[in-house]
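Let's take a friendly walk through this protein, from the overall layout to the core, the pocket and a few single residues. Keep the structure open beside the text as you read.

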Amino acid sequence: QEASSLLPDDDDATTTNTTTNNTVPRFRSISAGKHHVLAIDSEGRVYAWGAGDMGRLGLSDKKHRGVPTFVAALHAEARGVVFDAVIARETYSLAFSSTS
């Protein structure tokens, strides 16, 4: 499945998704690795989907996800931090912020 088919294509910027309160925001930044995708929404929140083995999605398990899933643990650790960039590579993920 192409990555573009996982993104909303309508003007209201949302689509159904049971993993994140039934909506997926329009993303402002996306990074695609070999096996997974990371994205940041307009409020600086990080989402991940794809192959979860090796824990690369940051979702506290190794399950695969077919839809963008909010990375809640990252935001719990970084209370109030707005993320600016994400990088998805073959076996790991990075999220960057200019705030502390």
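## Overall layout

Of the protein's 100 residues, 36% count as buried. Please keep in mind that this is a predicted model. Its secondary structure comes to one helix and six strands, and from the N terminus the elements follow the order β-β-β-β-α-β-β. The protein exposes about 6,000 Å², and carbon and sulfur atoms supply 49% of that area. Looking at contacts between residues at least 6 apart in sequence, 33% join residues at least 24 apart.

## The nonpolar cores

Which residues make up the largest nonpolar core? There are 12 in all: Leu38, Ile40, Val46, Ala48, Leu57, Leu59, Val71, Ala78, Val81, Phe83, Val86 and Ala88. Strand S2 (36-41), S3 and strand S5 (85-88) each supply at least two residues of this core. A second, separate core has five residues, among them Phe27, Val37, Ala39 and Tyr47.

Val46 is a good place to begin exploring the largest core, as it is one of the core's members. Leaving aside neighbours within four places in sequence, Val46 is in contact with residues including Ile40, Val71, Phe83 and Val86. The contacts of Val46 also include Ala39, a member of the second core. Other partners of Val46 include Thr69, Phe70, Leu74, His75 and Ala95.

Ala48, another member of the largest core, sits in strand S3. Ala48 has a relative accessible area of 0%, so it counts as buried. Beyond its neighbours within four places in sequence, Ala48 touches Val37, Leu38, Leu57, Leu59, Val67, Pro68, Thr69 and Val71. Ile30 lies 18 residues from Ala48 in sequence, and the two are 9.7 Å apart in space, C-alpha to C-alpha.

One of the partners of Ala48 is Val67, which lies in strand S4. These two residues are 19 apart along the chain, with their C-alpha atoms separated by 8.1 Å. Buried or exposed, or something in between: what is Val67? Val67 is partly exposed, because its relative accessible area is 33%, and the partly exposed class runs between the 20% and 50% limits.

## Around the helix and the loop after it

His75 is found in helix H1. Again leaving out neighbours within four places, His75 is in contact with Gly44, Arg45, Val46, Phe70, Val81 and Phe83.

Phe83 is placed in the loop between H1 and S5 and belongs to the largest core. Setting aside its neighbours within four places, Phe83 is in contact with Arg28, Ile40, Gly44, Val46, Leu74, His75, Ala78, Ala95, Phe96 and Ser97. Gly44 therefore appears in the contacts of His75 as well as those of Phe83. Phe83 and Ser42 are 41 residues apart along the chain, and their C-alpha atoms are separated by 9.8 Å.

## Two residues with positive phi

The loop between S3 and strand S4 (65-70) holds Met54, and Ser60 has its place in the loop between S3 and S4 too. Met54 has a positive phi of about 70 degrees although it is not a glycine. Ser60, also not a glycine, has a positive phi of about 65 degrees.

The table sets these two beside the two buried residues just described.

| Residue | Relative accessible area | Class |
|---|---|---|
| His75 | 15% | buried |
| Phe83 | 5% | buried |
| Met54 | 53% | exposed |
| Ser60 | 70% | exposed |

## The largest pocket

How much space lies in the largest pocket? The answer is about 160 Å³. Its lining is made by Leu38, Val46, Ala48, Arg56, Leu57, Gly58, Val71, Ala73, Leu74, Ser93, Leu94 and Ala95. These lining residues divide into nine nonpolar, two polar and one charged.

Strand S3 (46-50), helix H1 (72-77) and strand S6 (93-96) each supply at least two lining residues. S6 gives the most, with three. The pocket and the largest core also have members in common: Leu38, Val46, Ala48, Leu57 and Val71 line the pocket and belong to that core.

Methods:
Residues numbered from 1 in each chain as written. Predicted model: local features only at pLDDT ≥ 70, side-chain atom pairs only at ≥ 80, totals over all residues. Heavy atoms only, no water. 1 Å grid on protein atoms, 1.4 Å probe; cavity = no way out; pocket = protein on both sides within 12 Å on 5 of 7 lines; lining within 4 Å. Points joined across faces, edges and corners; volume = space filled by probe spheres on them. Helix = DSSP H or I, 4+ residues; strand = E, 2+ residues; numbered from the N terminus. Nonpolar A, V, L, I, M, F, W, Y, C, P; charged D, E, K, R; others polar. Buried < 20%, exposed > 50% of the residue type's maximum accessible area, 1.4 Å probe, protein only. Contact = heavy atoms within 4.5 Å. Areas by Shrake-Rupley, 256 points an atom, 1.4 Å probe, with all protein chains shown as cover. Core = buried A, V, L, I, M, F, W, Y, C linked by side-chain atoms within 4.5 Å.
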